[in-house]
Amino acid sequence: MGLADAFTLICVVAGAVLFLAGTLGLLRFPDTLSRLHALSKADNLGLGLIVLGLMPQQASLMGGAKLVCIWLLAQLSAATASQLIAGIAARRKPQA
Amino acid sequence: MSAAASAAGLLLAAALLAPLALAAGCLSRAFRSRVPGLLWLAPIPALLAAGLLSAGTAIAFPVPFRMTLALDQPGAILLGGAALLWSAAGAYAASYLRGKPGLTGFCVWWLLTLAGSLGVLIVADIAGFYLLFTLASLSAYGLVAHEQTDAARRAGLVYMVLALLGEAFLLFAFVMLAAGQPDPNPLIRDAVAALPGSPMRDGIAVLLMLGFALKMGLIPLHVWLPLAHPAAPMPASAVLSGVLVKAGVIGLIRFLPFESAQPLWGTVLATVGILTAFVGAALGVAQRRPKTILAYSTVSQMGLVAAILGAGLAAGDASAPGLAAYYGLHHTLVKGGLFLAVGVAFASGGAHRVPVLLLTGLLALSLAGLPLTSGALAKLAVKPMLGYGLFSIAVSLAAAGSTMLMLHFIAVMARETADNPAASAPLAETLPFLIVAAASFIIPWWLYPTLSGDPLASAWSLASLWKLVWPMMLGVAIFIGTGRFAGMAGRVPEGDILVLAERQAPRLAHLPAAIERLDGRLRLWPTAGLVLLCLVIWLGGGFLLAA
Amino acid sequence: MSAIALTSASLFGLCGAALVGIGLFCILTHPDLLRRIIGFNILGAGIFLVFGAVARRGAAMGLSGDPVPQAMVITGIVVAFAATALAIALLRRLASLTGSATLEAATPPRSET
Amino acid sequence: MTSAYAATPGGLLLVLAVMLPAAAVLAMLVLGPRRTRVVALATLALGLVVALAIGLELVRSGTALIYVLGNWQPPLGIALRADGLSVMMLAVTAVVMAATGLFARDLFGLDLATADGRLGTSFWTLLMGLWSGLNLVFVSQDLFNLYVALELLTFAAVPLVCLDGRGETMAAALRYLMFALLGSMLYLLGAGLLYGAYGTLDIRLIASASQHGPAMAIALALMIPGLLAKAALFPLHLWLPPAHAGAPAAASAVLSALVIKAPVFLILRLVADIAPPGSAAVAGQVLAVLGAASILFCSIMALRQERLKLMIAYSTVAQIGYLFIVFPLAGVGDGTAPWGTIAWTGGALQLTSHALAKAAMFMAAGIVAEAVGHDRIRDLGGFGRAPPLPPPTFGWAGLSLMGIPPSGGFIAKCLLLTAAAIGGHLWLALTILAGGLLAGGYVFPVMDRALATPAEPLLLRKPIPLRLELVPLVLAVLAVALGFLPLAPFGLLQIGRPDIALAVSP
Amino acid sequence: MSLVFDMALVAGLIALALHVVVTRDGRGAILAFMAFGLLLGIGWARLASVDVALTEAAIGGGLTGMLLLRAQAHLVRHAAHPAALPTDRRRWLVPALSCGLVTLALAAVVLAFPRPAPSLAHQAVASLEATGLGNPVTAVLLAYRAIDTLLEKIVLILALVGVWSLSRDAAWGGASQLRPAIIPEPLVFLARVMPPFGVLIAVYQVWVGADLPGGTFQAGTILAAMALLVMLAGLRLAPQTQSRALRLMLAGGPALFVLVGFLGVAVAQGFLSYPEAIAKPLIVGIEAALTLSIAGTLALLVAGPPDRAPEP
């Protein structure tokens, strides 16, 4: 169990814990905005950690680059999605 | 085969094709107006063929039209009478229907029925027989429902339903008959020869008798006849009663094995025939309209013909078809004449009424078997074949019944035409009537020696005269006896049993309504989906068990 | 053929069978048409999983799965999508024309005038 | 596995039969509305020629036409094979398609607004897609390829139903699409199971497999009902009446005459070629029971319809029943070769004469509805006068449906009855006869209305050109002319069948 | 160990499917179905069929979800409130039992498949080099069973023509209304940033599809998603359905496929067979054209029938 495997294990477990936190946040928080907050923060960081953890496992550099690409795209779509949801929630909140 | 034979074959083919050609002619607008005038011409080739051609001439159509025509003695006899009546009725119809709406349609149906009814008498193969039989039955609907009145439409509906039922019986019988034969479309002769041997012979026999009995109007399948024949216009009624029912007669003649004795089938046919004769006469007496009385008389006479054929079949006597055909010929001419007589009588009044009534009365009594008339000859020719004992007594009693019916007819005719305005029927209608009446006297006399074997003189002998007279005396006695119960007339509606059936109709109507409700439920999405799954499970189970 | 591949293939095969059952149930009983279309997609997913299990069991010659059923599944997915698109277009048009999203009025249409 | 297919010279014709209409769809998409009709009519003519060439080639060579696509032998690749029955189906399809093309050209010609608009272009494109699907169903030998063909058929047929854009037809089209999809999904599942068990989807290779496990039973149990759902046999006919009655005249003619015959053809191939004898016998019995029920039930339903098109649609479901009672009559599954029997010929003849007669009937009904504006049978009194030709068309087509001589339907009924008589299937014989009677029951009232002289004459909404009425009349006359074929089993139908027989060892 | 993960995945799939069927809320069912689609993508990866995983994730999770959401929004506006699952037992018990029976039968058959699984992997790999391709799935799609793929394109085009035929007569040839009333700013931002990536990934997938998992459908779906994103964000108007360029693009792929197919009759051994030497370039060329037409077709299928009058 070389250094790299240990590193991967730690990062991936940390990522998983963050995902768990995000999900707990989703379930527990009262309103949309705070749930959004939990989701976008925790899950993106979790994904980053997992990607980081998997980097050493990759055979080639290209594999690593692709993983980072995945993470960036996930970030981009998560950010936009949460903005949109927040926009709708904000518009609905004054009337509710 | 010499040129004469081929010429004879062509004449035979012309008998069938001439009316079809004329019907096809109606398509062109120019020719359409002249067709009514030519109606009397269409059956002439058939008349010539019946008269001139000797029995046994045959012609086979080229390959795609698989049909062979052949002329034999019963066929020739019936063909002659039928062609003559068709021609006379054609002339009668031309003047009777001139100017009325739907004349062209009537002519087309008339010509198609004509082609079918004549063709059926001379066709020799099974598929051809079924084709022409269907052509005759279905196009006759056009004649029955021609006047578009409610009665005509109801009569047409009943006629069509029972005609299609008859077709179904016959089709199944023909299919079973042809199943055993090597050639897919065998000649009737060969198929019938193999009939006694075939395993399904009882089924075939029953279906054949049902199909042809329905066409001849034997009870209980006679209900359409008293409705259809009066509903049709006068010339059409003459032809329907005179010729169309003969399709059933020729069917029995062709498809029943007279060479080998079949006591079972023979007695069945004979008893049904006798019963029909009695019931026909009894119901006829209770009618008020002349055309309906004649229709019931047809039912009764056909009963007699069936009795003759039944007796012949039971005894295995090969001469029965000839005699039945002879009796049928006489019936064709007399009944056709009577229907035309009714038409002429209704149209004439004053001075002209008496001679027409006299002639009508003579014709009616001839039908009942008055000595010295052709009717007597017909009954005498048939007598020996019926044998002695209970069966011949029953036939004589039937003769008494028909005498009573005819007297009732004459009385009704006299009453109906009493207050006619002084007028005379147009010549174009009286002439055909006279021709048919004359033919009905002359032709049976001319054919009697060849058919019954003994010379003309024997018809005059005292013994034969007595055999005819006592049933008539009995008939007259009964008629006078029942004269007092005049009120009884008119209580039995036309098509007796049918009226009872129609009262049950509402109870029957809820079956289709139940089916419609079931269909409505079946076509809901959840049910259909569930049925699909059940089908999957049913098939799956079946396959697993079979594997 | 490693045992693991066999068992995981059977496992997904069973999952496919279950999804077929669920999909069929949704199609048969759900009155709402949109849900029924989703049911079709679940049924399709189930069927393709059965194909996938078959493909996985056929792994050989260094391949991790028999390519022929996989190709069929790809074609099947696209056809299923086209069917969903057509069904949804019909449903939207039906809703805008008749204002109802259910087909339960299975009475024969009135006479057209 | 030995190489089962040796390509024959005429094989490329099969490819042409399938690819010509498909290419036409692409051409029409590119060329745009104005030239769609020209491309369609050209394709119809070419397709007729190809069908004729295939027929001649089959008769000349006396063996089935085979083509291996891309030269990849099955089981990897796909083979196209046309035996006698397929070629007959191709010919019938080509004839009815050509007739529909001519009819549609005149029908759309009535009001030019729709000719080049949405209705016209969509109709022609979908018609070509329909034709390609039909031809592929008749020639393909691969079960998944047949699935794609069935989907091609469904996707082309469903929009045809709701071309006129009314709410009713939209609901009918959606119900048709969903039930057909359910059917093809079950078929696909069955195909998947067969692939799992035999490693191939080629009909001949599956047929030649010796042992049959439970997979074959369950697969057939899924595929046959799936195809029944698409063929709208009696218990599963919920979508057919509203769909075929609501579709435009030319479309309902093709739908009734051809589209529901493709699943029937496939069931014939599954039961006769693939199913082991035991299962084939069971399938034959079940299908015969459903077929008989369909004949009786739907004929009575047809009797009770007020609308002409609905009556014809129900009559379609009833007549389809005849094709399914052929299985026990032809002795499918009892080891004998069913294609030699007269019942097989009877079934083929019934299929052909029904296709022609039903197309003619729907077109005639379409003309009447177009001319008079409605198709309520009760108020159609005297429709024989307005456009003169629909009544004779209806009459001739009715003759064939009722099985009255000299029509093709009569010969088919005769052959089926004879097979029933010889085989001792009494209740099937009675069903056939009852079917004929009931068919008379719903054809005669219409003829009665045609010949009736109504109190006030029918008012005509639109003048009908004579040419428009000729096409259905020709089809109806063809349906009756079939009656002059020999009563013995067709030689044509047996070409190419025996070598399949070697594979199905009892 | 991986079996446990598979079991969890299967349990998740079945749970989601049940939730989709049972839940009352229409929108919730659609969202659950989208999650189901993505999970299914992972399932396919576990089944070692990566091509299918890509397709399932792209079409199952992506486009179908979008289609359903737009339809649900339209139905809420136009149709009455959708009815829920029938509650009284008689209505759903028998269907449930019969579906259960079918599932059991299927499960039995799946478990009873012959032990040495019959497979075509041998023949596929053996004749791979004749096609010049590395990825056997693409070889099956574009060489061995090329007719299926070609006709499946025709099916797509027929579906499109079917969807177009549902438009009003006045709107025939026009464009479909995709732009929402108010366009949120982040969507515009995404529509500006994402497409280049999308196109890049799509091209990469087409190019790599010949040898590694990838292919026309997956690339086409991504391109369609990008096009829809741009149109939804209002950056570009939906194309006129009557425009010749659009129709050429739509029919270009299959038309090229048919041409090359018939070319095979002259040059190679028959219809849809490629001459050995230039097999790979031909196939990749066809794939490129196909990708474009698939992208167009899928995008227009999601966009729906035209509802604006065509400008000349």
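Among the seven pairs of chains that touch in this predicted model, chains C and E share the most contacts. Their contact draws 71 residues from chain C and 81 residues from chain E. On the chain C side, helix 1 (3-29), helix 2 (33-57) and helix 3 (67-98) each contribute at least two residues to the surface that touches chain E. Helix 3 of chain C gives the most to this side, with 23 residues. Sorted by class, the residues of chain C that touch chain E comprise 44 nonpolar, 20 polar and seven charged.

The other dealings of chain C with its neighbours can be set beside this one. Where chain C meets chain B, the contact takes eight residues from each of the two chains. The chain C side of that contact holds five nonpolar, two polar and one charged residues. Chain A, for its part, makes no contact with chain C, and the closest C-alpha atoms of these two chains lie 20 Å apart. Contact is also absent between chain A and chain B, for which the closest C-alpha atoms are 37 Å apart.

A look at the nonpolar interior brings chains C and E back into view. The largest nonpolar core counts 623 residues, and within this core Ala82(C) and Leu86(C) touch the most other members. The largest share of the core, 23 residues, is supplied by helix 7 (residues 167-198) of chain D. Leaving aside residues up to four places away in sequence, Ala82(C) touches Phe155(D) together with Val155(E), Leu156(E), Ala159(E) and Leu301(E). Another core, of six residues, lies apart from the largest one, and its members include Leu18(A), Ala42(A), Ile50(A) and Val51(A).

Chain E itself deserves a closer reading. Its secondary structure consists of twelve helices and zero strands, and the pattern along the sequence accordingly reads α-α-α-α-α-α-α-α-α-α-α-α. Along the principal axes, the C-alpha atoms of chain E fill a box of roughly 65 × 65 × 35 Å. Of the 312 residues in chain E, 53% are buried. For contacts in chain E between residues at least 6 apart in sequence, 75% join residues at least 24 apart.

The domain assignment divides chain E into domain 1 (1-116) and domain 2 (130-312). Taken over C-alpha atoms, the centres of domain 1 of chain E and domain 2 of chain E are separated by 27 Å. The contact between the two uses ten residues from domain 1 of chain E and eleven residues from domain 2 of chain E. On the domain 1 side, these residues divide into seven nonpolar, two polar and one charged.

The record adds an annotation for chain E. In an unreviewed UniProt entry, residues 188-303 of chain E carry the annotation "domain: Na+/H+ antiporter MnhB subunit-related protein". In the model, the span of residues 188-303 of chain E is 76% helix and 0% strand, and its end C-alpha atoms lie 18 Å apart.

Methods: Residues numbered from 1 in each chain as written. Chains lettered and ligands numbered in written order. Predicted model: local features only at pLDDT ≥ 70, side-chain atom pairs only at ≥ 80, totals over all residues. Nonpolar A, V, L, I, M, F, W, Y, C, P; charged D, E, K, R; others polar. Helix = DSSP H or I, 4+ residues; strand = E, 2+ residues; numbered from the N terminus. UniProt positions renumbered as here; feature names shortened; annotations may be inferred. Domains from an automatic or database assignment. Core = buried A, V, L, I, M, F, W, Y, C linked by C-beta atoms within 7 Å. Buried ≥ 20, exposed ≤ 12 C-beta atoms within 10 Å, placed from the backbone.
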